[in-house]
Amino acid sequence: MLDLILPLECGGCGAPSTKWCDSCAATLKVHTDEPHLVTPRIDPGVPVFALGRYAGPRRQAIVALKEHGRRDLVAPLARALALGIHQLETWGILDTPFTIVPAPTRALAARSRGGDPVLRIANEATRQNQTITVIRALKTRAMVRDSVGLAVADRERNLNGRIKITKQVAGDVLLVDDIVTTGATAREAVRTLRESGVNVTAVLTLAHA
Ligand SMILES: [Zn+2]
């Protein structure tokens with residue numbers, strides 16, 4: 001059914017006749033030293049890990065899912081996230097049981113793009129894992145502008161006090177987002193979670209810009 005609506009092309013490179021080609025799949029491979037620790041300009045106060053750079057097929061896949069409704073790309077991105085989570089567990093950074101809280105998406109943006117892609121990816125990544133719960137616990141308040149195109153200081157000001165708790169979470173939390181750029185969203189989300197008494201262990205993103 002989807003094929004009738006969407007042209008069948010790779011969500012990473014546009015190659016015909018496949019939704020996700022082997023060479024794009026290879027770029028999402030999680031190597032033994034990944035996810036990498038990154039240092040965004042605004043420090044969220046917990047370690048931030050990213051599965052790769054926001055470039056190439058990784059970037060194309062994230063954009064295709066978020067902006068063009070390519071939900072078939074949830075699976076490969078979720079697989080990379082699952083491998084990244086497993087790695088953090090192996091390294092002793094995450095200890096099960098814990099809860100994944102997706103970073104908040106602007107409600108309107110998420111609606112117009114057909115649901116919250118980070119939530120979908122997190123759900124898919126942990127579907128088989130009984131020790132990890134995914135709770136959409138954060139929401140941005142109204143009036144937060146989409147941060148695309150805002151300078152670092154403006155992004156921070158834009159988000160100050162603008163993320164709120166919508167569901168109470170207990171225990172350890174891993175904050176998951178698609179992209180970390182300045183770190184402004186991560187910092188505000190971590191701050192909000194901590195104020196509610198949650199222990200945020202780390203931030204894990206699909207990509208860092
Ligand atoms: Zn491809």
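Which residues does D178 touch, not counting residues up to four places away in sequence? Here contact means heavy atoms within 4.5 Å, and the partners of D178 are I62, K66, V118, T205, L206 and A207, with residues up to four places away in sequence not counted. We will come back to D178 after a walk through the rest of the chain.

A word on the model comes before that. This is a predicted model, in which local features need pLDDT of at least 70 and side-chain atom pairs count only at pLDDT 80 or more, while totals for chains, interfaces and linings use all residues. Residues are numbered from 1 along each chain as its sequence is written, and side-chain values use heavy atoms, with hydrogens and water left out.

Let us take the overall fold. The chain holds eight helices and eight strands; these are DSSP runs numbered from the N terminus, with helices being H or I of at least four residues and strands being E of at least two. Of the 209 residues in the chain, 47% are buried, where buried means under 20% relative accessible area, exposed over 50%, and partly exposed in between (1.4 Å probe, protein chains only). Among contacts between residues at least 6 apart in sequence, 73% join residues at least 24 apart.

Now to the metal site. The zinc ion is held by the SG atoms of C10, C13, C21 and C24, at 2.3 Å; donors are N, O and S atoms within 2.8 Å of the metal (3.2 Å for Na, K and Ca), and water is not among the atoms, so sites may look incomplete. Along the chain, the donors follow the spacing C-x2-C-x7-C-x2-C. C10 lies in the loop between α1 (2-5) and α2 (22-27) and C24 in helix α2, so this pair ties together parts that are 14 residues apart in sequence. The four donor atoms subtend angles of 105 to 116° around the zinc ion, which makes the arrangement tetrahedral; four donors earn that name if all angles lie between 85 and 135 degrees. Among the ligands, C10 is buried at 2% relative accessible area, C21 at 12% and C24 at 1%.

Next comes the interior. A nonpolar core is a set of buried Ala, Val, Leu, Ile, Met, Phe, Trp, Tyr and Cys residues joined through side-chain atoms within 4.5 Å. The largest one has 38 residues, and L77, L81, I85, I100, I121, L174 and L204 have the most contacts inside it. At least two residues each come from α3, α4, β3, α6, β4, β7 and β8, with α4 giving the largest share, seven residues. A second, separate core of 21 residues includes A137, V190, V198 and V200.

Helix α6 (residues 117-125) is a good place to look closely. Its buried residues are P117, V118, L119, I121, A122 and A125, and their cover includes α3 (56-68), α4 (74-90), β3 (98-102), β4 (132-134), β7 (172-180) and β8 (199-208). At the start of α6, a side-chain oxygen of D116 reaches to within 3.0 Å of the backbone nitrogen of V118.

That brings us back to D178, which lies in strand β7. D178 is buried, with a relative accessible area of 9%. Its side chain joins that of K66 through a polar contact of 2.8 Å; such a contact is a pair of N or O atoms within 3.5 Å, where within protein one must be able to donate a hydrogen and the other to accept it, and residues adjacent in sequence count only if both atoms are side-chain atoms.

Key
Tetrahedral: all angles 85-135°; square planar, octahedral: opposite > 155°, others 65-115°.
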